[in-house]
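Here is a friendly walk through one protein structure. Take a moment to look at the model, and then we will visit its parts one at a time.

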Amino acid sequence: MPNYFTENRDLVNQFNKLELRKVVEILEHGYTQAREYDFAPKSYEEALEIYKGSLELVGDISGNFIAPRAEAVDAEGARLENGTVHYAKGTRENLDKLSEAGLMGVIIPRCYGGANFPATIYMMMIEMVSRADASLMTLFGYQDVGETIARLGTKEQGEEFLLNYTSGEWTGATCLTEPGAGSDLQSVKLEAYQDDTGQWRLRGLKHFISNGNGEVLVVLARSEPGTKNMFGLSLFACHGTDERVRVNRIEHKMGLHGSPTCEIIFDDAPAQLLGRRRFGLFNVLYILNHARFSVAAQAIGIAEAAYGEALQWSKDRVQFGRALYTMPPIANTLIEMRVAIEASRSLLYGSVQWLDRRNKIEEEIAELKAAGKPHEEQKAEFDRAARYTDLLSPLVKYVVTEAANKVVYDAVQLHGGMGYMREMEVERLTRDVRITSIYEGATSVQVVGAIKHVMADVLGELFDRMEAAGYPADLSSSLKELTELRNLFRDCVTVVENEANAASREAAAKELTDMYAALYTGFLLLDEARTNDRKKIIARRYITGALAASQAGATRVHRSHFNDLEHTDSVCN
Ligand SMILES: Cc1cc2nc3c(=O)[nH]c(=O)nc-3n(C[C@H](O)[C@H](O)[C@H](O)COP(=O)(O)OP(=O)(O)OC[C@H]3O[C@@H](n4cnc5c(N)ncnc54)[C@H](O)[C@@H]3O)c2cc1C
């Protein structure tokens with residue numbers, strides 16, 4: 001009876017070190033909600049108990065209900081028949097199970113039937129559900145559709161769209177991408193106009209929309225005719241059940257077969273403006289911050305599943321008279337995989353807490369402003385959390401999803417020829433993990449998105465504190481290596497700045513972002529290692545590898561490989 005929470009010591013460890021006191025206090029309005037709602041906590045300690053109980057429940061459902069259905073869901077897939085999308089049998093059962101447990105609205109406010117949890121806790125749930133069946137993430141993991149309506153919409157819109165959403169009766173989708181607007185969402189063309197009665201209507205096509213058959217659609221559309229940039233875009237809520245919204249096709253994909261990826265036609269479909277007109281893309285950036293962390297959580301879940309398969313296989317498979325597990329190259333690969341997963345987890349959960357802080361302090365400031373109270377202190381806190389989130393959301397998405405792809409690659413490799421066979425779970429995981437570094441913004445777009453903040457050394461003051469924090473003697477060599485990495489990073493930034501050319505900054509973006517991610521992850525692991533001998537091994541291994549990789553990256557920066565870009569045509573054609 002595997003429980004994906006209680007039996008995952010690293011995830012439990014991450015939960016135990018969360019520092020969400022300030023976030024939960026704002027979220028729970030100073031713990032005053034207990035008067036109104038039965039399950040609202042009366043203190044931070046009680047909130048943590050509730051979160052822990054819910055994580056245990058998701059761990060149980062994931063390990064014992066969802067995981068056993070994953071193979072059949074992948075084989076059956078979702079299908080489109082006469083304009084209606086049908087989920088695989090197992091997907092339907094999984095949704096029913098999660099709805100019965102009251103888990104389909106965990107980040108949505110209680111007034112709409114949700115559980116009002118911080119995003120950090122929700123990410124832990126997404127990790128576990130994705131470990132069991134990655135395709136279910138686009139249903140369970142899309143609660144930010146509802147959260148967006150709760151945050152931007154009016155009370156009436158919240159009640160209209162969310163009460164059936166949190167009960168699990170309805171699901172949703174975020175409709176951004178069009179054939180001509182993928183990474184570049186400023187190019188969105190889908191038209192939004194007001195008819196003679198003032199009713200907003202949507203006309204046009206969206207494609208590649210996960211769960212586009214959902215009942216609640218959040219749609220980015222061009223509300224200002226004649227504009228071509230982001231200022232002509234607004235966000236809308238639309239009922240997917242309206243007869244003027246039609247799923248035209250679903251994609252035949254490499255993986256995530258349980259998740260229908262839809263092309264949707266909006267044929268003058270009625271819709272409601274969400275939030276401020278012309279602020280559509282600003283609001284989408286807020287959604288994407290959340291979504292990128294969700295995809296990182298999904299990737300860790302898949303990597304954890306692949307690791308479990310690889311470990312078991314290496315113990316069972318005997319060659320040359322002994323189990324693969326006992327062979328040094330295999331053991332080394334397993335350790336590397338473990339380090340990659342745990343480093344990713346530290347980075348994700350160390351980072352997403354800043355998203356929670358940013359979002360909740362913003363709400364607190366709005367309330368203080370409305371009450372005419374001072375809020376300078378909160379503003380300073382908000383600015384810091386916002387700066388960190390702007391950096392960490394693309395950085396984490398990039399680093400964690402690429403690391404997960406590598407872990408799954410290694411898991412197949414450890415299976416030898418059997419890893420290439422359809423009957424093995426790692427084959428499905430290989431197909432499923434591949435999308436994580438593409439959707440919600442592909443890797444190179446994330447790197448370009450992070451570089452401005454990396455160059456500005458946004459986490460500099462945090463690193464100063466972490467560097468000076470004092471560590472046990474047996475971690476001193478790792479601390480020295482991190483200091484060396486920091487100097488290397490600063491040196492490379494100077495080199496790139498001296499180039500005084502925006503193209504060279506983008507060309508060096510990957511090397512610099514890798515170094516910066518390694519620094520933050522290294523400090524987080526070092527902190528965890530203080531009191532945990534096993535983590536000392538993980539931290540040392542990670543930091544030594546990160547320094548070596550950074551030295552190679554620094555060599556590339558110094559030798560100006562970026563000048564080769566001038567020769568793209570002659571080299572590539
Ligand atoms: C299975 C699946 C599910 C999806 N679900 C959703 C969904 O629910 N809702 C939704 O709105 N969309 C969804 N998408 C769309 C997805 O977010 C896009 O495919 C993704 O953002 C990339 O856009 P694109 O495919 O148009 O690639 P392109 O924009 O054409 O990019 C191609 C490549 O070029 C790179 N690139 C592009 N511009 C730059 C740049 N300026 N600098 C550096 N590199 C660059 C990209 O990183 C990428 O590697 C989904 C896609 C898939 C495949």
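Let's begin at the ligand, where a polar side-chain atom of threonine 177 lies 2.6 Å from a nitrogen atom of the ligand. Please keep in mind that this is a predicted model. Serine 210 also has a polar side-chain atom placed 2.8 Å from a nitrogen atom of the ligand. With serine 444, the ligand takes part through an oxygen atom, which is 2.7 Å from an N or O atom of that side chain. The table puts these three contacts side by side.

| Residue | Ligand atom | Distance |
|---|---|---|
| Threonine 177 | nitrogen | 2.6 Å |
| Serine 210 | nitrogen | 2.8 Å |
| Serine 444 | oxygen | 2.7 Å |

How much of the ligand does the protein bury? Taken alone, the ligand exposes 970 Å², and the protein buries 64% of that.

**The shell around the ligand**

There are 20 residues around the ligand, and those that come nearest are Thr177, Ser183, Phe208, Ser210 and Ser444. Sorted by class, this shell has 10 nonpolar, 8 polar and 2 charged residues. If you want to find parts of the shell in the picture, look for strand S5 (200-210) and helix H14 (443-455), since each supplies at least two of its residues.

Strand S5 is also home to histidine 207. Is histidine 207 buried or exposed? Its relative accessible area is 14%, and buried means under 20%, so histidine 207 counts as buried. Setting aside residues up to four places away in sequence, histidine 207 touches Thr177, Glu178, Pro179, Cys262 and Glu263. One of these partners, Thr177, is already familiar from the ligand.

Helix H14 holds lysine 452. Lysine 452 has a relative accessible area of 52%, and exposed means over 50%, so this lysine is exposed. Along the chain, lysine 452 and leucine 233 are 219 residues apart, and their C-alpha atoms are separated by 25 Å.

**The nonpolar cores**

Now let's turn to the nonpolar cores. The largest one has 159 residues, and within it Leu392 and Leu512 touch the most other members. Helix H10 (residues 280-316) gives the most to this core, with 17 residues. Which residues does leucine 512 meet beyond its neighbours within four places in sequence? They are Ile451, Val454, Met455, Phe489, Cys492, Val493 and Val496. Another core lies apart from the largest one, with 22 residues, including Ala173, Val245, Phe266 and Ala271.

**Two more buried residues**

Leucine 348 sits in helix H11 (residues 328-370). With a relative accessible area of 0%, leucine 348 is buried. Its contacts, not counting residues up to four places away in sequence, are Phe293, Ala296, Ala297, Ile300 and Val396. Between leucine 348 and serine 504 there are 29 Å from C-alpha to C-alpha, while in sequence the two are 156 residues apart.

Our last stop is threonine 148, found in helix H8 (residues 143-152). Threonine 148 has a relative accessibility of 1% and therefore counts as buried, a label that means under 20%. The side chain of threonine 148 reaches the backbone oxygen of aspartate 144 at 2.6 Å. Leaving aside neighbours within four places in sequence, threonine 148 is in contact with Gly153, Leu235, Leu274 and Ile287.

Terms used. Residues are numbered from 1 along each chain as its sequence is written. This is a predicted model: local features need pLDDT of at least 70, side-chain atom pairs count only at pLDDT 80 or more; totals for chains, interfaces and linings use all residues. Side-chain values use heavy atoms; hydrogens and water are left out. A nonpolar core is a set of buried Ala, Val, Leu, Ile, Met, Phe, Trp, Tyr and Cys residues joined through side-chain atoms within 4.5 Å. Buried means under 20% relative accessible area, exposed over 50%, partly exposed in between (1.4 Å probe, protein chains only). Helices (H or I, at least four residues) and strands (E, at least two) are DSSP runs, numbered from the N terminus. Contact means heavy atoms within 4.5 Å. A residue is near a molecule or strand if one of its heavy atoms lies within 4 Å of it. A polar contact is a pair of N or O atoms within 3.5 Å; within protein, one must be able to donate a hydrogen and the other to accept it, and residues adjacent in sequence count only if both atoms are side-chain atoms. Accessible areas come from the Shrake-Rupley method with a 1.4 Å probe; for residues, only the protein chains shown count as cover. Ala, Val, Leu, Ile, Met, Phe, Trp, Tyr, Cys and Pro count as nonpolar, Asp, Glu, Lys and Arg as charged, and the others, Gly among them, as polar.
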